[in-house]
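This report examines the packing, the main pocket and selected buried residues of the structure shown below.

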Amino acid sequence: MTVRPILIAGDPRLAAPAIPVTVFDDELAALVADLFETNTAAHGAGLAANQIGDPRAVFVYDLTDSGTRYRGHIVNPVLKTSEIPETMPDPDDDLEGCLSVPGEWFPTGRAHRAEVTGVDMTGNPVTVEATGYLARCLQHEADHLAGILYLSRLLGRNRRDARKMLKERGWTRPGDSWLPGAGEGPAAGA
């Protein structure tokens, strides 16, 4: 298992839709292990393969919601949700962050309920149904694999603030990344 560098907003690999997995082998198992290791080192809730530069349609999640720990991975996920709100998200209850936008949090509207179907690293069917924080995470990671950063889901002043932040941090060019567990971390400019 290896902690891998996480790409930062502005890298075109984050905007490319993932490639479906067709080979279920030791290399895929190693990718899943690296995703878990990297997510843990970064103190994340989830991590998609394209965030570490791998184009395959895989994500992991590892979080606690209402006292229950949820940990798993999904290959070739298909997302279904309840209605996504079109109103301005609550600035206190709807904050969302991203390991590819390190150190930043913005109110983001998400559906209350989510269901993801796919397979595991051995090709066995997987279905995860969720509400709350886990539902938010599943939507966030499925978005990554569709080439969508959560910043593009922001509304009004939040969208303007995010654009300003990206420009101020210089996160508008390809190739920026950070390595979890190394130095001061991305919020300090690493």
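A pocket, as the term is used here, is an open set of grid points where a 1.4 Å probe fits, with protein on both sides within 12 Å along at least five of seven lines, and its lining residues have an atom within 4 Å of a point. The elements named below are helices and strands taken from DSSP runs and numbered from the N terminus. The model is predicted.

**The largest pocket**

Helix α2 gives the largest share of the lining of the largest pocket, 6 residues. The space in this pocket amounts to about 430 Å³. Its lining comprises 24 residues, and those closest to the centre are A45, G97, C98, L99 and W105. Two or more lining residues come from each of β5 (95-98), β6 and α2 (132-145). Divided by class, the lining of the largest pocket holds 12 nonpolar, 8 polar and 4 charged residues.

**Nonpolar cores**

The largest nonpolar core consists of 30 residues, and L35, V58, V101 and L151 have the most contacts inside it. Elements giving two or more residues to this core are α1 (26-41), β3 (58-65), β6 (101-107) and α3 (156-169). Of these, α1 provides the largest share, with 5 residues. When neighbours within four places in sequence are left aside, V101 is in contact with A9, Y150, L151, M165 and W171. Another core, of 18 residues, lies apart from the largest one and includes A45, A57, L63 and L138.

**Y150 in the loop between α2 and α3**

Y150 is located in the loop that runs between α2 and α3. Its relative accessibility is 1%, so Y150 counts as buried. Leaving aside neighbours within four places in sequence, the contacts of Y150 are E96, G97, C98, V101, E104, W105, F106, T108, R110 and H140. One of these partners, E96, is reached through its backbone oxygen by the side chain of Y150, at 3.2 Å. Between Y150 and Q51 there are 13 Å in space, C-alpha to C-alpha, and the two are 99 residues apart in sequence.

**Charged residues R136 and D11**

R136 belongs to helix α2. This residue is buried because its relative accessible area, 11%, falls under the 20% cut-off. Not counting residues up to four places away in sequence, R136 touches D93, D94, L95, E96, T108 and R110. Its side chain makes polar contacts with the side chain of D94 and with the side chain of E96. R136 and S177 are 41 residues apart in sequence, with 24 Å between them in space, C-alpha to C-alpha.

D11 lies in the loop between β1 (6-7) and α1. With a relative accessibility of 4%, D11 also counts as buried. Outside its neighbours within four places in sequence, D11 is in contact with R173, P174 and G175.

The side-chain distances for Y150 and R136 are listed below.

| Side chain | Partner | Distance |
|---|---|---|
| Y150 | E96, backbone oxygen | 3.2 Å |
| R136 | D94, side chain | 3.2 Å |
| R136 | E96, side chain | 2.5 Å |

E96 thus appears with Y150 through its backbone oxygen and with R136 through its side chain.

How values were computed: Residues are numbered from 1 along each chain as its sequence is written. This is a predicted model: local features need pLDDT of at least 70, side-chain atom pairs count only at pLDDT 80 or more; totals for chains, interfaces and linings use all residues. Side-chain values use heavy atoms; hydrogens and water are left out. A nonpolar core is a set of buried Ala, Val, Leu, Ile, Met, Phe, Trp, Tyr and Cys residues joined through side-chain atoms within 4.5 Å. Buried means under 20% relative accessible area, exposed over 50%, partly exposed in between (1.4 Å probe, protein chains only). Helices (H or I, at least four residues) and strands (E, at least two) are DSSP runs, numbered from the N terminus. Contact means heavy atoms within 4.5 Å. On a 1 Å grid over the protein atoms alone, a cavity is a set of points where a 1.4 Å probe fits but cannot get out, and a pocket is an open set with protein on both sides within 12 Å along at least five of seven lines; lining residues have an atom within 4 Å of a point. Grid points are joined across faces, edges and corners, and a volume is the space filled by probe spheres set on the points. Ala, Val, Leu, Ile, Met, Phe, Trp, Tyr, Cys and Pro count as nonpolar, Asp, Glu, Lys and Arg as charged, and the others, Gly among them, as polar. A polar contact is a pair of N or O atoms within 3.5 Å; within protein, one must be able to donate a hydrogen and the other to accept it, and residues adjacent in sequence count only if both atoms are side-chain atoms.
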